[in-house]
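Subject: Structure handover

Dear colleague,

Please find the structure below. My notes on it follow.

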Amino acid sequence: MVRNNFASVLEEQAELAPIAIQEGFNYHRAEPGYVMLTHWIPRDPCHLSAGPYILIGIGGFIINGLKEVLAVKEKYSCSYSGVWKRPTDYINKIILINLVSIASLSIQVVILKFAHLVSAIREVKEETGVSPM
């Protein structure tokens, strides 16, 4: 069943975008040379992402003095339920992107390194209750 229609409107066809909007399409994203429009068909809420996004994954690796490694099992059903793994998650991309966008290049590197560390510590604490610091 088709749930969504995508329409790519090239820059030289820009006059077609308002017509598509009138017919129920919405703006999804813009790239140099085109805009992408979508039209969600079902009556249920649209499940498309708001547009292109970046996922930055983090993982904690904790080893104690006995050389035991901290591992967790995913508590929610997913493709790797029941598998032992490191505590993992994604960095809050909205906060990270806002911080990076206003910083100089050298400060951006520090922000990214700090964000990874803070996110990994937070994730280990959330998933296991263990405070790695």
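Which residues make up the largest nonpolar core? The core consists of Ala7, Val9, Ala17, Ala20, Phe25 and Leu37, 6 residues in all. Strand β1 (4–10) and helix α1 (17–22) each contribute at least two residues to this core. In soluble globular proteins, nonpolar side chains tend to be buried together. Please keep in mind throughout that this is a predicted model.

Overall picture

The protein has 133 residues, of which 21% count as buried. There are 3 helices and 7 strands, and their order along the sequence is β-α-β-β-β-β-β-β-α-α. Among contacts with a separation of 6 or more, 53% are between residues 24 or more positions apart. The exposed area of the protein is about 9800 Å², and carbon and sulfur atoms supply 62% of that area.

Around the core

Ala7, one of the core residues, touches Phe25, Val35, Met36 and Leu37, not counting residues up to four places away in sequence. Phe25 and Leu37 are themselves members of the core.

Thr38 sits in strand β3 (residues 34–40). Thr38 counts as buried because its relative accessibility is 7%, where the cut-off for buried is under 20%. Leaving aside neighbours within four places in sequence, Thr38 is in contact with Asn4, Asn5, Phe6, Gly24, Phe25, Asn26, His28 and Leu48. Phe25 thus appears among the contacts of Thr38 and also among those of Ala7.

His28, another contact of Thr38, belongs to strand β2 (residues 26–31). Its relative accessibility is 14%, so His28 counts as buried. The side chains of His28 and Arg29 are joined by a polar contact of 3.1 Å.

The loop between β4 and β5

Several of the notes concern the loop between β4 (57–59) and β5 (72–73), where Val69 is found. Ile62, Lys67 and Glu68 lie in this loop too.

Where is there a nonpolar patch on the surface? Phe61, Ile63 and Val69 form one, with about 300 Å² of accessible area together. Val69 has a relative accessible area of 44% and is therefore partly exposed.

Glu68 is partly exposed, because its relative accessible area is 45%. Not counting residues up to four places away in sequence, Glu68 touches Ile62 and Ile63. Ile63 is one of the patch residues. A polar contact of 2.7 Å also joins the side chain of Glu68 to that of Asn64.

Is Lys67 buried or exposed? Lys67 counts as exposed, because its relative accessibility is 70%. The backbone of Lys67 deserves a look as well: phi is positive, about 65°, although the residue is not a glycine. Most residues other than glycine have a negative phi.

Ile62 has a relative accessibility of 22% and so counts as partly exposed; the cut-off for buried is under 20%. The C-alpha atoms of Ile62 and Pro87 are 9.3 Å apart, with their positions 25 residues apart along the chain.

Towards the C terminus

What separates the C-alpha atoms of Ser131 and Ile62 in space? The distance is 9.9 Å, and the two residues are 69 residues apart along the chain. Ser131 is in the segment after α3 (105–128). At 45% relative accessibility, Ser131 counts as partly exposed.

Thr88 lies in strand β7 (residues 88–90). Thr88 counts as partly exposed because its relative accessibility is 29%. Setting aside neighbours within four places in sequence, Thr88 is in contact with Ile58, Gly59, Glu123 and Glu127. For Thr88 and Glu123, 35 residues apart along the chain, the C-alpha atoms are separated by 6.4 Å.

Points to look at in the viewer

- The core residues Ala7, Val9, Ala17, Ala20, Phe25 and Leu37.
- The surface patch of Phe61, Ile63 and Val69.
- The positive phi of Lys67.
- The contacts of Thr88 with Ile58, Gly59, Glu123 and Glu127.

Regards

Note on methods: Residues numbered from 1 in each chain as written. Predicted model: local features only at pLDDT ≥ 70, side-chain atom pairs only at ≥ 80, totals over all residues. Heavy atoms only, no water. Patch = residues over 30% accessible without salt bridge, like charges linked within 9 Å, V, L, I, M, F, W, Y side chains within 5 Å. Areas by Shrake-Rupley, 256 points an atom, 1.4 Å probe, with all protein chains shown as cover. Salt bridge = Lys/Arg side-chain N within 4 Å of Asp/Glu carboxyl O. Helix = DSSP H or I, 4+ residues; strand = E, 2+ residues; numbered from the N terminus. Buried < 20%, exposed > 50% of the residue type's maximum accessible area, 1.4 Å probe, protein only. Contact = heavy atoms within 4.5 Å. Polar contact = N/O pair within 3.5 Å; in protein donor to acceptor, adjacent residues only side chain to side chain. Core = buried A, V, L, I, M, F, W, Y, C linked by side-chain atoms within 4.5 Å.
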